Amino acid sequence: MSARPDERVTEVVIAGAGPTGLVAALALAQRGVSVLVVEAGPGPSTRSRASTFHGSTLDLLGELGVADALVARGRVASRLQYRDRDEGIVAELDYAAIAGDTAHPFRLQVEQRELTRLAYERLRDYPHAEVVFNTTVDGVVPEPDGVVLQAGRERFGGRWAFGADGAHSAVRRALGIEFVGTTYDRRYLTVMTDLDLARLLPGVSPVTYVWGGDQGVSLLGLRDHWRVAFRVGPEESDDEAMAAARVQQRLRAAVSADVDRYPVIERYMFAVHRRTADTFHLGRCVLVGDAAHLNSPSGGMGMNSGIHDAYAFAETIARILHGRAGVADLAVAATERRRVAREVIGARSERNYQDIIETNSGSRRTRRDEMRHIAGDPELTRRYLLEASMFDSAPRPAGGPGAELRVAEPPSRTSPAGTGTTAPRPLRRSSS
């Protein structure tokens with residue numbers, strides 16, 4: 001691809017420096033592909049709506065060299081627990097059941113921003129990788145042998161492009177790709193507290209789902225705080241749900257009525273969507289993560305599936321650039337990732353969501369019996385945890401196509417680690 005005088009050119013350009021964008025960049029850089037990431041913010045994304053990392057994702061991040069550091073910053077959940085407001089603990093599944101299937105037989109609870117920081121620092125070890133901050137992509141210009149991401153008057157050209165720029169993706173909109181689906185009538189209220197919930201709920205796991213209709217909650221324990229996620233019905237406005245007194249009322253009902261006041265670190269509301277892009281691949285562009293699909297956060301699969309998208313597409317595009325795959329292979333990968341988003345991730349997150357809010361006593365009883373049966377059978381427990389950990393839908397990190405492209409270590413660091421606001425290294429122009 002030839003460069004105009006006002007254009008910077010690399011092999012792959014990526015819109016968005018969140019978890020998906022930086023994982024894609026890191027996977028490409030480790031395979032010898034030059035890559036440039038364009039991010040609207042002043043540094044790697046600090047958003048932390050997600051806090052769950054499944055074993056399948058940690059295995060991929062292990063190959064990229066960031067899993068151990070991420071685990072060190074988070075809290076390991078060795079048990080997955082289900083409770084019912086009427087009966088207490090219903091079932092508990094031990095991740096030891098999948099120890100023979102993964103290097104990470106647990107669920108990790110840690111803020112997603114920790115991954116973006118680690119991935120960015122790791123990416124800086126590669127002289128053929130660059131991140132440009134304070135630059136908002138607002139257009140896409142297809143070219144015969146490449147694609148240009150446009151940001152105002154700036155142009156960033158590549159042979160391939162990733163749209164990893166979130167639910168309101170400018171890349172997706174510029175390509176004219178429809179984002180089809182629905183918005184749930186219930187919203188999520190997430191409350192963070194540093195009160196020791198394990199003292200109030202003896203035996204609670206860092207990953208606990210409490211079924212109970214309108215009072216169903218998710219309890220997620222991180223190293224220094226807990227996240228309590230409530231479902232808020234349409235009869236209550238955001239302001240009403242966020243009111244301090246109402247938040248305290250919800251916490252007391254969900255955890256303990258004996259606490260006068262829960263310390264609240266942060267609270268926020270967000271709408272819940274189930275949407276999928278009509279296609280994840282158009283021309284020389286691919287969509288990953290929230291730019292490609294949205295689902296209920298129940299089960300912690302949204303960010304994880306986005307990371308899986310990023311890895312799968314990076315693997316395939318690296319093979320194309322190395323002459324070991326063709327565009328048809330990318331079309332196959334895109335079709336598969338879209339199928340996973342719709343039929344696996346979307347369907348499971350929907351089921352998890354409905355389990356928590358189910359009000360019918362008979363249906364809740366049936367689900368309790370099912371989970372007790374699974375927890376009482378070692379092989380059923382293993383299968384359940386493999387699915388819950390997304391192993392049946394994630395790309396595999398070892399032994400698969402493209403393994404020969406992997407490099408174990410980056411070249412020596414060529415510049416000191418920065419805070420994410422330093423000037424980017426210049427890119428070499430390419431005539432490829």
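**Exercise 1. The ends and the buried face of α12**

In this predicted model, D377 caps the N-terminal end of helix α12. Find the atoms involved in the cap, then state which residues of α12 are buried and what they pack against.

*Solution.*
Step 1. Start at the cap: a side-chain oxygen of D377 lies 3.0 Å from the backbone nitrogen of E379.
Step 2. Go along the helix, which covers residues 378-388. The buried residues in α12 are T381, Y384, L385 and L386.
Step 3. Look for their partners. The buried residues of α12 pack against two strands, β6 (79-84) and β7 (88-94), and against helix α11 (361-375).
Step 4. Pass the end of the helix: M390 follows α12 and has a positive phi, near 70 degrees.

**Exercise 2. Two residues with positive phi**

Decide for M390 and for N134 whether each counts as buried or exposed, and say where each is placed.

*Solution.*
Step 1. Recall the background: most residues other than glycine have a negative phi.
Step 2. Take M390, which is not a glycine yet has a positive phi of about 70 degrees. M390 sits in the segment after α12. Its relative accessibility is 1%, so M390 counts as buried; the cut-off for buried is under 20%.
Step 3. Take N134, also not a glycine, with a positive phi of about 55 degrees. N134 belongs to the loop between β9 (129-132) and β10 (139-143). Its relative accessibility is 58%, so N134 counts as exposed; the cut-off for exposed is over 50%.

**Exercise 3. A serine in a loop**

Locate S45, classify it as buried or exposed, and list its contacts beyond four places in sequence.

*Solution.*
Step 1. S45 is in the loop that joins β3 (35-38) and β4 (52-53).
Step 2. Because its relative accessibility is 16%, S45 counts as buried.
Step 3. With neighbours within four places in sequence set aside, S45 contacts A17, G18, R113 and T116.

**Exercise 4. How α2 meets α9**

Describe the crossing of helices α2 and α9, its hand and the residues that make the contact.

*Solution.*
Step 1. The axes of α2 (residues 55-63) and α9 (residues 302-321) come within 10 Å, crossing at roughly 40 degrees.
Step 2. Therefore α2 and α9 are oblique to each other; roughly parallel would require an angle under 35 degrees.
Step 3. The crossing of α2 and α9 is left-handed.
Step 4. From α2, the contact uses S56, T57, L60, L61 and E63; from α9, it uses N304, I307, H308 and Y311.
Step 5. Sorted by type, the contact residues are 4 nonpolar, 4 polar and 1 charged.

Terms used:
Residues are numbered from 1 along each chain as its sequence is written. This is a predicted model: local features need pLDDT of at least 70, side-chain atom pairs count only at pLDDT 80 or more; totals for chains, interfaces and linings use all residues. Side-chain values use heavy atoms; hydrogens and water are left out. Axes are lines fitted to C-alpha atoms, for helices over the stretch in contact, and angles run from 0 to 180 degrees between N-to-C directions. Helices (H or I, at least four residues) and strands (E, at least two) are DSSP runs, numbered from the N terminus. Angles under 35 degrees count as roughly parallel, over 145 as roughly antiparallel, 65 to 115 as roughly perpendicular and the rest as oblique. A crossing is left-handed if the near helix is turned anticlockwise from the far one by less than a right angle, and right-handed if clockwise. Contact means heavy atoms within 4.5 Å. Ala, Val, Leu, Ile, Met, Phe, Trp, Tyr, Cys and Pro count as nonpolar, Asp, Glu, Lys and Arg as charged, and the others, Gly among them, as polar. Buried means under 20% relative accessible area, exposed over 50%, partly exposed in between (1.4 Å probe, protein chains only). A polar contact is a pair of N or O atoms within 3.5 Å; within protein, one must be able to donate a hydrogen and the other to accept it, and residues adjacent in sequence count only if both atoms are side-chain atoms.
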